[in-house]
Amino acid sequence: MEDYRRIADRLAEEILTGRLKPGERLPPQRVFARRRRIAGSTAGRVYAELVRRGLVVGEVGRGTFVRAGPVPSGRALAEEEGREQGKATGPRINLELNYPFADGQSELLAVGLAPLLRADVLAEATRTAPATGTAAAREAVAGLLGGTGWRPAQERVLFAGNARQAIAGALASLVRPGGRVGVEALTYPLVKEIAARLGITLVPLAMDDEGLRADGLVAAHRAAPLSAVYVQPTLHNPTSVTMGDGRRRELAGTLRELDLPVVEDRIWSFLRDGQAGPTPLASYAPERTYLVDGLSKRVAPGLTVGFLVVPRGRVDAVGEALRSGGWTAGRFALEAAVRWIGDGTVERLVAAKRADARARQRIVEQWLGEFAVRADPYAYYTWWELPPPWRADTFTAAAAARGVALTPGHAFAVEPQRTPQAGRTPAARPATPGSAADAVRLGLASVSVPLLEEALRIVRDIARLGP
């Protein structure tokens, strides 16, 4: 009997050479098996191998389709690669990246950094720092996070190089290799990478129009015990869903009943804090919540700090995880953060970015208002359920051919072979229900307004024309 991997190799070659086109549907497995004169189980292993390699995607009830490209690792959502000396090697307009930049940002940051460059100050600022940071940093961050009707105890604040490292430190301290962590069925792609590196299995949990459902958490835990939960309750990425206070109380009660810890990712919450935004989940379950935040979105991605507020009695264990992983923050970054928070720079940048996000959402409404685009008016991203017969892979490929990079919905799916349906957001524009397999995320923050408008015009025209 021919090895299934050799058959997969031949199909892979057809895909990579273009003989099988992006969006093309493969025959049903039983038909494929009959044509190749192989067992049905072998055909199933061939298709599973192609899914594993990121060359095809299987959609329940529809079939198996050739992807526009390999499964995004999530790295493109976090950093800009292949760009040197201002020369772009990728698409001209990148709506995968999503780092906001306010007018005058560099000048504001320079004012706070200037005192650190004095020789006497620089000597102290370039020393190493523990996971607990400095007393000044803990006080500054407690004040920064305390504007939401909840204020963390300073002694429970830890520091990482960025929020992603804070997530890694929290999960490493909570979950042993082979453990299971419940996450929203659509989640931040880099969490999938973190889990893979830590040897953790992610378990998709049911969502609705308020995000993670407590009954879905219960069902998953009963099916096979979870070790922890990771959740984005405010401006969930990619759907921009924000949980209401009632859902947060319910979820906190469920976590307490199941005796599960939770990592609460609030990296985008600054856009809603102070804007009728709900209080953190940590305020409802402080004894089991590991709250993650940082400065990458508030300030800038290149010189940032991640924050991690941990339950009482867990400082030493999580601090050790951060140290052993090499994830602690640099002293210079801590000193810069203290100055930017103290002199009002962070507050001014946050105000500017809130206004900018709202303005960009209005631009999206102008160009894509005829489509099923869902977003919170304070978010820097939108979730677009494409009009039929478009699929995410073929639409992403068509946009890339016109110079616009988008993120297909399956990049956020926990299960690579299936992309779940996302619920509507409370502030969503009118939209018809649809599957995230037919959705894309548009990051609005990293390009200029003229380029954003050009990109939206291009993708609108593509959507109108059809595949």
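**Cores, a helix pair and two buried sites**

In this predicted model, the largest nonpolar core holds 74 residues, of which Phe-159, Val-181 and Leu-308 touch the most other members. Such a core is a set of buried Ala, Val, Leu, Ile, Met, Phe, Trp, Tyr and Cys residues joined through side-chain atoms within 4.5 Å, buried being under 20% relative accessible area (1.4 Å probe, protein chains only). Helix α12 (residues 331-342) supplies the largest share of this core, seven residues. Another core, of 26 residues, lies apart from it and includes Ala-399 and Leu-442.

Residues are numbered from 1 along each chain as its sequence is written. Local features need pLDDT of at least 70 and side-chain atom pairs pLDDT 80 or more, while totals for chains, interfaces and linings use all residues; side-chain values use heavy atoms, leaving out hydrogens and water.

Helix α12 also packs against α6 (residues 135-145), at an angle of about 45° and with the axes 9 Å apart. Helices here are DSSP runs (H or I) of at least four residues, and strands (E) of at least two, numbered from the N terminus. On the α6 side, Ala-136, Ala-137, Ala-140, Val-141 and Leu-144 meet Leu-334, Val-338 and Ile-341 of α12. That contact breaks down into eight nonpolar residues, no polar and no charged, with Ala, Val, Leu, Ile, Met, Phe, Trp, Tyr, Cys and Pro counted as nonpolar, Asp, Glu, Lys and Arg as charged, and the others, Gly among them, as polar.

Thr-382 sits in strand β16 (residues 381-385) and is buried, at 0% relative accessible area. Glu-96, in the loop between β5 (93-94) and α4 (105-113), counts as buried because its relative accessibility is 14%.

Notes. Buried < 20%, exposed > 50% of the residue type's maximum accessible area, 1.4 Å probe, protein only. Axes fitted to C-alpha atoms, helices over the stretch in contact; angles between N-to-C directions. Contact = heavy atoms within 4.5 Å.
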